[in-house]
Amino acid sequence: MSRRIKRTISPRDRAKAGAKRSVKGRDRDRDQDRGKAVAGPRGRKPDDRRPDDRKSGDRPFSQRAAAKPPRFAEPRRDRLQRPEPAAPKPAKAAAEQPLPTKVQTVVVTADENGMRVDRFLEARFPGLSFSHIQRIVRKGELRVNGKRADSKDRLEEGQSVRIPPLRLDTPKTSGTLSEAEAKTLQALKDMTLYEDDDVLVLNKPAGLAVQGGSGMTRHVDQMLEVMRDAKGQKPRLVHRIDRETSGCLLIAKTRFAASFLTGAFRHRSARKIYWALVAGVPKPKQGRISTYLAKEESEEDSIMRIAEHGDEGASHAVTYYAVVEASATKLAWVSLKPVTGRTHQLRAHMAHIDHAIVGDPKYFNKENWQLPGGLQNRLHLLARRIVIPHPRGGVIDVSAPLPPHMLQSWNLLGLEADRFDPIENAPEE
């Protein structure tokens, strides 16, 4: 009688047996899969099937492995963080606009908020001449929110501007200047007192207008056409001085500088000092003139008259003056500092205190007054000095010399042009 001996299996042997069964099961499953694959199209191996015959779940192992990127693979390019593209500047976008051949309406952007109407047009349509801008504004062809506008009006974000068909001047590029344009460029260089990448200060001669008018063929704004850059942008006038006044004229070479310097004038951060030769000797020798000025139109001309507060078109005007030196009791060299910037302000103010500027055709109204021998009957007013913050930091401080006709008068009267100017320390308002 045989006896069965029960063998005890250790845990280690049990684990090995389980592993063998698992391997046999996988082999059996693989054989079944192969049998199914062979049942496909005749003469085709399992991995030679066309892509459209395979299912996404039965790719060869080598392909399945390759489809998953390594753990530390470089990130996908389309997931890289790219900086958001900067919004295009209105001026640049406008520079690429086609020639407007019919009426169009545009909306003032945030970057254009606070811009003057004429500057807005210059920025939108580089190459547009000053005279053309003034003409369409004067005729009422340009309208803001359906109303007529002045070239000096400031725009607000969101306003709609109706722009008529425009005629653009062809921007000049370097190397294509004609002989006349080359002479104009040289004339501007000869006038230059100071220049850098942002700012230009010219010594404007007496008799040269800053801007055009009826019958005006040559003026500073037109001369600046020869200084257009590759983008068609030309230097911009920041302030104005009268046609017969000589001296410092500040010009911005970039839109950034124009915005900054215009703001400096608006907030009275700029300091301007003028020299003049006046009839008689003002008393007291230092003083402050404060009046209201309004334009008075006539058939022949227009002047600024002394007005009352509340009069239509009246603006407050303040001027400081100081006598630098006197020539007996007939003439005096005075230094003037306008706090405000009204049209003809200095000329109207000096005539108001009965000391009109010598050679002034509009405001010199002294009867039976004879011009001393040797002095030219021309306006004796010089924009002597300008001090203003620079757009990039620091201060612009430029002085202009006496023009020839004033230098002649100074020499004849024995006035010393290098004397201390007392107006420099006059109080600000």
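In this predicted model, the charged end of K330 sits over the ring of W369, at a distance of 5.1 Å from the ring centre.

Rings also meet other rings in this structure, and the count comes to three aromatic pairs. In one of them, the ring centres of W275 and W333 lie 4.9 Å apart while their planes stand at 75°, so this pair is edge-to-face. The contact links distant parts of the chain, since W275 belongs to strand β9 (residues 271-279) and W333 to strand β13 (residues 331-338), with their positions 58 residues apart in the numbering. Both W275 and W333 are buried.

W333 takes part in a further edge-to-face pair, this time with W410. Because W333 lies in strand β13 whereas W410 lies in helix α10 (residues 404-413), this pair ties together parts that are 77 residues apart in sequence. The two pairs are set out here.

| Aromatic pair | Centre to centre | Angle between planes |
|---|---|---|
| W275 and W333 | 4.9 Å | 75° |
| W333 and W410 | 5.5 Å | 65° |

Through such ring pairs, W275, W333 and W410 are linked into a cluster. W333 has a relative accessibility of 0% and therefore counts as buried, and W410, at 1% relative accessibility, counts as buried too.

The strands offer a second topic, beginning with a hairpin. Strand β14 (residues 381-389) and β15 run antiparallel and are joined by five bridges, and the hairpin that they form has five residues between the two strands. In the turn, G393 has a positive phi of about 115°. Across the pairing, R385 stands opposite S399, a residue of β15. Strand β15 itself (residues 395-399) has two faces, of which the covered one carries I396 and V398, while the uncovered one carries V395, D397 and S399.

Elsewhere in the chain, four strands make up an open sheet in the order β1-β4-β2-β3, with antiparallel pairing. The edges of this sheet are held by β1 (104-107) and β3 (147-148), each of which has a single partner strand, so one side of each is left without a neighbour in the sheet. For β1, the pairing with strand β4 (residues 160-163) is antiparallel and extends over four bridges, and V107 stands opposite S160 in β4.

Notes: Residues numbered from 1 in each chain as written. Predicted model: local features only at pLDDT ≥ 70, side-chain atom pairs only at ≥ 80, totals over all residues. Heavy atoms only, no water. Phe/Tyr/Trp six-rings, centres within 6.5 Å; stacked < 30°, edge-to-face > 60°. Buried < 20%, exposed > 50% of the residue type's maximum accessible area, 1.4 Å probe, protein only. Lys NZ or Arg CZ within 6 Å of the ring centre and 35° of its normal. Pairing = 2+ DSSP bridges.
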